[in-house]
Every structure is written in structure tokens, then in C-alpha cells.
Amino acid sequence: MAHTETPLIEIRRINRIYNSETAPVNALNGISFAIYEQTFVSIVGKSGSGKSTLLNLIGGMDKPTSGEIIVGGKVISKMTSAELARYRRTDVGMIFQSFNLIANMTALDNVALPLFFAGASEKARLARAAELLEMVGLSHRATHRPTELSGGEQQRVAIARALVANPRFILADEPTGNLDSRTTEEIVAMLQRLREQGKTIVMITHDLSLAELLSTRIITLKDGNIISDEQHEPQFQSAK
Ligand SMILES: Nc1ncnc2c1ncn2[C@@H]1O[C@H](COP(=O)(O)OP(=O)(O)O)[C@@H](O)[C@H]1O
Ligand SMILES: [Mg+2]
């Protein structure tokens, strides 16, 4: 497919070498690719292929040993840690396998939290968080704490939190890894809806069948290299 627009995310010849006690590990070997807006890109590969390393780099949690990562025109691979913290807050909406909600905060306050760091007023934070909770169908759970929610509900709260500050893209790390099959279906439907709304989503997973349900493109890593990169027709059929 030919693209005329500028990519949202550009990965240019990145290497990530871990200096371990024994021998250095080349976790990523000079890989390059670009991600365009309004696409759902899955990065798949077996354990040890470099997925978490790549996730950490795109999410601004780590820096490449060499090469560049450019997001929305900003070279994030050259940022200071303060700049990276800001990038993570404003540009990235993270969804984790283990939800990562704050245990002693209500669902509503968890969703509102990114807006606190963005400097929004309390009134604006709560109104916006309530809107997002409604979008994920959890208005009736607003005052519940994470331990009072099912796994699927916790992940829906986490999705609302990821979206609340209008990030440039969603970065999802095995988002259904801790869920049973029925709940997985719920989260898959929600991710599919986000794609249809035009959100840009990058998902890291070892689960090729999950990638096939949702992705418009699937990139496969092996031993730190891209071994395939293909456009894809998402296979998820909503139950309507
Ligand atoms: N902190 C680290 N120190 C040394 N080696 C690491 C470290 N993190 C990951 N690795 C190695 O880098 C390679 C890629 O790991 P990773 O990105 O975690 O793969 P995946 O997420 O696909 O399982 C593996 O060989 C792994 O053992
Ligand atoms: Mg991993």
C-alpha cells in the first residue's frame, strides 16, 4: 500500500543490545518500519523474539542502543528522561496484561488520574473520566475499587484510562493475556470498536489468533529481526 501521509511512528534501524554478565544480547537487530494513523498493527513473535524490548522503546520506557524512533515528528530516542515522561503522559495510552490499576482508588479516580498529571481541574477530570467510563459501559461501577471488579471490568477501566487524555496512539501489551475466553471476546470487541473509530493501535502479543482478529497489519519478529510484515484483513465479526 502506498502512503502519502507522514507516518505517526517511525522506527529507523534500531538496535537494542543488553549488556549481560556473560555476553551482550542483541535483542533488536537494526529493524526499521513505519506505522500510519488509523491502523491496528500487531507485533507478534515467540518468547525471546524482542517484543517487550520493542514495546519499551515505542512506549518511551527505554532507549535504543542506536537508531532513531520518531513519533509525531518528535525524536523520542534522543529525549531526556523528563521529556520521555511527558511523552508517555501525552502521546501514549498504555494497556497492560495485568491492568495496572491503583488498588486503593475507585474506577472513576483511576480513569481520571492521567488528567491530574495533565493539569486539568478536578471538575474537568471527573467529568471526562465519567464520560470514558460510560463509553466502556461501566458507569455503574464508578465508585468500585479494582478488587471489586472482574478481570474484564478492570481491563475496561484500564482502556478508559488509556484514552482519557486523548493520546496519539494506544500501546497494548498482551491485553487479553490474563482474561478467560468470554471476557477476551468483550475486550476484543472493544478494541475493534476503537479501531473503527479511527484510533491508532499498536498491540504486542505472542497470540497470533488474537492478532488475526483485530489487525490491519501484522509484523512478525524473530531473534530481533522482522521476518514478515503484512497487511491484513481483521477477522473479528461483532455478534450483532
Ligand atoms: N534486561 C535484559 N538483560 C539481558 N537480556 C535481556 C534483557 N531483557 C531481555 N533480554 C533478552 O533479549 C531478548 C529479547 O527479549 P524480549 O524483548 O523480552 O522478548 P519477548 O518479549 O519477545 O519475549 C531475549 O533473548 C531476552 O533474553
Ligand atoms: Mg515479552
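## Exercises: sheet, ligand shell and helix crossings

The model has an open sheet of 4 strands, ordered β2-β1-β4-β5, with antiparallel pairing. Strands pair if DSSP finds at least two bridges between them; helices (H or I, at least four residues) and strands (E, at least two) are DSSP runs, numbered from the N terminus. This is a predicted model: local features need pLDDT of at least 70, side-chain atom pairs count only at pLDDT 80 or more, and totals for chains, interfaces and linings use all residues. Residues are numbered from 1 along each chain as its sequence is written, while chains are lettered from A and ligands numbered from 1 in the order in which they are written.

**Exercise 1.** Work out which strands stand at the edges of the sheet.

*Solution.* Start from the order β2-β1-β4-β5. β2 and β5 (74–75) each have a single partner strand, so one side of each lacks a neighbour in the sheet. Now go inward: β1 (residues 9–18) and β4 (residues 66–71) pair in the antiparallel sense over 5 bridges, and E10 sits opposite I70 in β4.

**Exercise 2.** Find which element gives the most to the shell around ligand 1.

*Solution.* First, list the residues around ligand 1 (C-beta atom, placed from the backbone, within 6 Å of it): Y18, S20, V25, A27, G45, S47, G48, S49, G50, K51, S52 and T53. Next, map them: β2 (25–35) and α1 (51–58) each supply at least two. α1 gives the most, with 3 residues. Last, sort by class: 3 nonpolar, 8 polar and 1 charged. Here Ala, Val, Leu, Ile, Met, Phe, Trp, Tyr, Cys and Pro count as nonpolar, Asp, Glu, Lys and Arg as charged, and the others, Gly among them, as polar.

**Exercise 3.** Classify the crossings of α3 with α4 and α5 with α6.

*Solution.* Use axes fitted to C-alpha atoms over the stretch in contact, with angles from 0 to 180 degrees between N-to-C directions. Under 35 degrees counts as roughly parallel, over 145 as roughly antiparallel, 65 to 115 as roughly perpendicular and the rest as oblique.

- The axes of α3 (residues 107–117) and α4 (residues 122–135) come within 8 Å and cross at roughly 125 degrees. That makes α3 oblique to α4. By class, their contact has 11 nonpolar, no polar and 2 charged residues.
- The axes of α5 (residues 151–163) and α6 (residues 181–196) come within 9 Å and cross at roughly 20 degrees, so α5 is roughly parallel to α6. Their contact has 3 nonpolar, 4 polar and 2 charged residues.
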